[in-house]
Amino acid sequence: MLHMDQHAAQGTSLFVLLPPIGLGALLEYRKKGDVDLRAGIFCAIGMLFGGYIGGLIAVPMSSARLTQWFGVFLMISALLLWGKASKPAPPLGSQFPRRANPEMKKTIGFLLAGVVGGIGSGMFGIGGGIVLVPIFGLLLAFDQHKAQGTSLVALIPPTGLLAVIAYAKAGYVFWLTGALLIPGLFLGGILGAKLANRINPRRMRQVFAVLLFLLGAWQAFGASKR
């Protein structure tokens, strides 16, 4: 809508996510017990480094190719989440072998999820939540509300700082535009969390999947026409 090319849109969106704009939404989810603080903290650590890697990968790529990859990624995630919504989630921890140390395996899993989320965030200029929520739901057996609430923990620290630096060095951050967007995102996050808590987890996952798919299709097919 603001007619930025893909690199500038991504760099600016990463800058917008540096302040703790998800704090109000996080508190709403936490009231309902839908936040795994430990998982969120380890994901945040992984995202800090993953975001820098993603930014380094994205900056040399063409905007059209980057947009197409982003769209395809979102559509695949959406289809997987839609399929997951029709199946009951297994108990958290059942996906980790019981031999050895399951707590250590969970911690490593959370760190790796953060690194993957950070790479996706740095490559595509998105909040880590769009990457982390599918990972939490598909691989770590979180229900949709808990996946969304926990992903917000990773947005409180400035986990995208290194990625923003990579984009800024190439001139792909519109500082004033980003600063003007921050207040609206903070207030919108609180409203979104209140609305989400009124929807049952299965329906919420379906809504999330549909939104991801539509956004992905818009990005992928829009880029192919440029």
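Q: What share of the 226 residues in the protein chain is buried?
A: Buried residues make up 47% of the chain. Keep in mind that this is a predicted model.

Q: How many helices and strands does the protein chain have?
A: Ten helices and zero strands. Read from the N terminus, the order is α-α-α-α-α-α-α-α-α-α.

Q: Among contacts between residues at least 6 apart in sequence, what percentage joins residues at least 24 apart?
A: The figure is 86% for this chain.

Q: How should I describe two packed helices?
A: Two numbers do the job: the angle between the axes and the distance between the axes. Take helix 1 (residues 6-16) and helix 9 (residues 175-196). Their axes come within 9 Å and cross at roughly 50°. Helix 1 is therefore oblique to helix 9.

Q: In which hand does helix 1 pass helix 9?
A: The crossing is right-handed.

Q: Which residues make the contact?
A: Helix 1 supplies Thr12, Phe15 and Val16. Helix 9 supplies Trp175, Gly178, Ala179, Leu181, Ile182 and Leu185.

Q: How do the residues of this contact divide into nonpolar, polar and charged?
A: Seven are nonpolar, two are polar and none is charged.

Q: Now the interior. Which residues of the largest nonpolar core touch the most other members?
A: A nonpolar core is a set of buried nonpolar residues joined through side-chain atoms within 4.5 Å. The largest one here has 34 residues. Cys43, Phe110, Leu132, Phe136, Phe142, Val164 and Leu212 touch the most other members.

Q: Which elements give two or more residues to this core?
A: Helix 1, helix 3 (37-58), helix 4 (63-85), helix 5 (102-124), helix 6, helix 8 (161-169) and helix 10 (201-224).

Q: What is cysteine 43 in contact with, leaving aside its neighbours within four places in sequence?
A: Cysteine 43 contacts Phe110, Ala113, Gly114, Leu132 and Phe136.

Q: Which residues does the second, separate core include?
A: That core has ten residues, among them Ala25, Val35, Leu152 and Val153.

Q: Let me try a single residue. Where is proline 134 found?
A: Proline 134 lies in helix 6, which spans residues 128-138.

Q: Is proline 134 buried or exposed?
A: Compare its relative accessibility with the cut-off: buried means under 20%. Proline 134 has 5%, so it counts as buried.

Q: What distance separates the C-alpha atoms of proline 134 and leucine 74?
A: The separation is 9.8 Å. Along the chain, proline 134 and leucine 74 are 60 residues apart.

Terms used: Residues numbered from 1 in each chain as written. Predicted model: local features only at pLDDT ≥ 70, side-chain atom pairs only at ≥ 80, totals over all residues. Heavy atoms only, no water. Helix = DSSP H or I, 4+ residues; strand = E, 2+ residues; numbered from the N terminus. Buried < 20%, exposed > 50% of the residue type's maximum accessible area, 1.4 Å probe, protein only. Axes fitted to C-alpha atoms, helices over the stretch in contact; angles between N-to-C directions. Parallel < 35°, antiparallel > 145°, perpendicular 65-115°, else oblique. Left-handed = near helix turned anticlockwise from the far one by under 90°. Contact = heavy atoms within 4.5 Å. Nonpolar A, V, L, I, M, F, W, Y, C, P; charged D, E, K, R; others polar.
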